[in-house]
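Here's a quick briefing on salt bridges and one helix. Have the coordinates open while you go through it.

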Amino acid sequence: MRNLVFLARKLQRLYTHSFIFLIRLNPFWIHLTYFIAISLFGYLALKKTKPRSNSFTPNDLDTIFTSVSAATVSSMSTVEMEAFSIPQLITITVMMLLGGEVFTSILGLLLARATFLPKQPRPLENSSGNDKIELGLVTRTEPNKKQLPCLVMGSTLDVVEQYSISTESHKMPRESQNSCASDKHLTVSHEKNLETNTYESLSWDVLLKYNSIRCLSYVVLGYFLVVHVSGFVLVSTYVNLVPSAEEVLKTRGIPVLIFSVFTIVSTFSNCGFIPTNENMIIFKKNAGLLLLLIPQSFLGNTLYPVFLRILICALGKISKRGEFRYILRNSRELGFGHLLSGIHSCFLAATVIGFVLIQLIPFCSMEWNLEDLNGLTWYEKSVASLFQVVNSRHTGESVVDLSAISPAILVVFVVMMYLPPYTSFFPRKYRKMDSENNKDDDQIRSTFVESLIFSQLSYLVIFIVLVCITEREKMKDDPLNFNVLNITLEVISAYGNVGFSTGYGCKRQLKPQSYCVDRWYGFVGRWSDKGKWVLILVMFFGRLKKFNMNGGKAWILS
């Protein structure tokens, strides 16, 4: 029995030290390792499973490109989607689920909870005053003078470098306002089993913060599950009730269950893959299906902070729990990058709606008579146009052929794809007010090496130049397909993890080739191997762009 207890303690220490090592790593490397691991898992799984047809098998580069595209939720394609078998579609679904922004935020909160508690406490000698903590209930007595210092390592996946916890007093009864720097601490009665002493030396502030992080993780997990389940039920019900949509899937040999799960996961994670070759073009007349998918695009990315805050406000009013009040008042102190202040969330929602209108008005005025929209009623055209412009940030599903759209609209799409998901109009006076409310007095320190980092736009220019170099021969022989605008749109789409592509048209060849066949995959599918590797780097760079948002500030243009 003693050996089992000893082994359990050793395993617990190993578990704790492994998490401590993990949080001490730079968050960039944690994210990069995570997405590379998902990509390798996807590559191996796709290689082990057979494609739908024995006549076509993707090569290794196309397989790893598809895996990276799904893991980074970019939906850039070099293979037609109907070439994948049902097991391969399930594999892609899992990768999109693991790579989505909401899912990775849940992992960040779980990591924060696991690394929040202090180091393994040592036995306290001659403790006369004790605090007993059980299931979140705290009974406070006078602490002993001999107490361990309050040492808590709290962090999320986004701000892992923040180890110390702010000890500012919050709105609580005066008798319970304590600080880690003060002489008053909460201590836990020493039991024989060290496992019961997890909250030793925790101050009231730190305990409240830990409970708030735990509560927030449950809220985000519930948000994640409810949106997926409700979306699946709605989409599957629509397909079963509408004969035209069901007939499309029957002719393609795609089960309704697989289509519904795949589409909801792809849309919510803002990936943009659809199990049909034509993406959503074949469903352009199904306005009901498009209207069901539009909210999924918002809930999983651009408006995720807004709806998350609304949900927390509603739960706080219903439950009257202090954790929800703490989360709303200390959103920035929690270090959860997806939880914005109330005023910031309002401006974000207004900005998202504004960007949609900025795209929708010129798109409808210039592309209303687009060939792909012929035969649709005005209502179906309106819904299809709304769906198209909503997907330019950052989902990437499409109901029209982008190569047929005017260059002016394509340039607008390029700008929208370049913008980060939480881009918002936020006036300076409200920004100062938001900083004061969140007590954000952190000073940003940068090393000499960090000062040499370029801006994101500079890196994108470098990537575009590299692609132009690798595809320079094709740009000479096939300028209508391989032009700078199409290459720029492809690179920016990969950087924004969107998935828009103009594709490749055999009819646009100046020197027609008899063996050329139009395929339903992205423009990158016609690139050289070197060009595809460059775009793989762009997809990783785009998925990790939040770590370089402040790049290039050391460069002064004057």
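Lysine 47 comes out partly exposed, at a relative accessible area of 37%, and its salt-bridge partner is aspartate 60. Keep in mind that this is a predicted model. The salt-bridge count comes to 9, and a few of them are picked out below, followed by a look at helix α19.

**Lysine 47 and aspartate 60**
- The two side chains meet at 2.7 Å, N to O.
- This pair ties together distant parts of the chain: lysine 47 belongs to helix α2 (residues 27-48) and aspartate 60 to helix α3 (residues 60-71), 13 residues apart.
- Aspartate 60 has a relative accessible area of 42%, so it lands between the 20% and 50% cut-offs and counts as partly exposed.

**Arginine 543 and glutamate 101**
- Here the salt bridge has an N to O distance of 2.9 Å.
- The partners are 442 residues apart, with arginine 543 in helix α20 (residues 529-543) and glutamate 101 in helix α5 (residues 101-116).
- Arginine 543 is buried because its relative accessibility is 8%, under the 20% limit.
- Glutamate 101 passes the same 20% test at 17%, so it is buried as well.

**Other salt bridges**
- Lysine 474 and glutamate 471 also pair up, at 3.9 Å, N to O, which falls within the 4 Å cut-off.
- Glutamate 471 is buried at 0% relative accessibility, whereas lysine 474 is partly exposed at 32%.
- Glu82, Arg252 and Glu278 are joined in a salt-bridge network.

**Helix α19: length and burial**
- Helix α19 (residues 484-495) has 12 residues, and at 1.5 Å a residue it should span 16 Å; the end C-alpha atoms are 16 Å apart, so the two agree.
- Of those 12 residues, 10 are buried, so α19 is largely enclosed by the rest of the structure.
- Among the buried residues are Asn486, Ile487, Leu489, Val491 and Tyr495.
- What do the buried residues of α19 pack against? They pack against α14 (407-418), α17 (456-470), α18 (472-477) and α20.

**Helix α19: the two ends**
- At the N-terminal end, asparagine 483 acts as the cap, with a side-chain oxygen 3.2 Å from the backbone nitrogen of leucine 485.
- After α19 comes asparagine 497, which has a positive phi, near 55°.

Terms used: Residues are numbered from 1 along each chain as its sequence is written. This is a predicted model: local features need pLDDT of at least 70, side-chain atom pairs count only at pLDDT 80 or more; totals for chains, interfaces and linings use all residues. Side-chain values use heavy atoms; hydrogens and water are left out. Helices (H or I, at least four residues) and strands (E, at least two) are DSSP runs, numbered from the N terminus. Buried means under 20% relative accessible area, exposed over 50%, partly exposed in between (1.4 Å probe, protein chains only). The expected span of a helix is 1.5 Å times one less than its number of residues. Contact means heavy atoms within 4.5 Å. A polar contact is a pair of N or O atoms within 3.5 Å; within protein, one must be able to donate a hydrogen and the other to accept it, and residues adjacent in sequence count only if both atoms are side-chain atoms.
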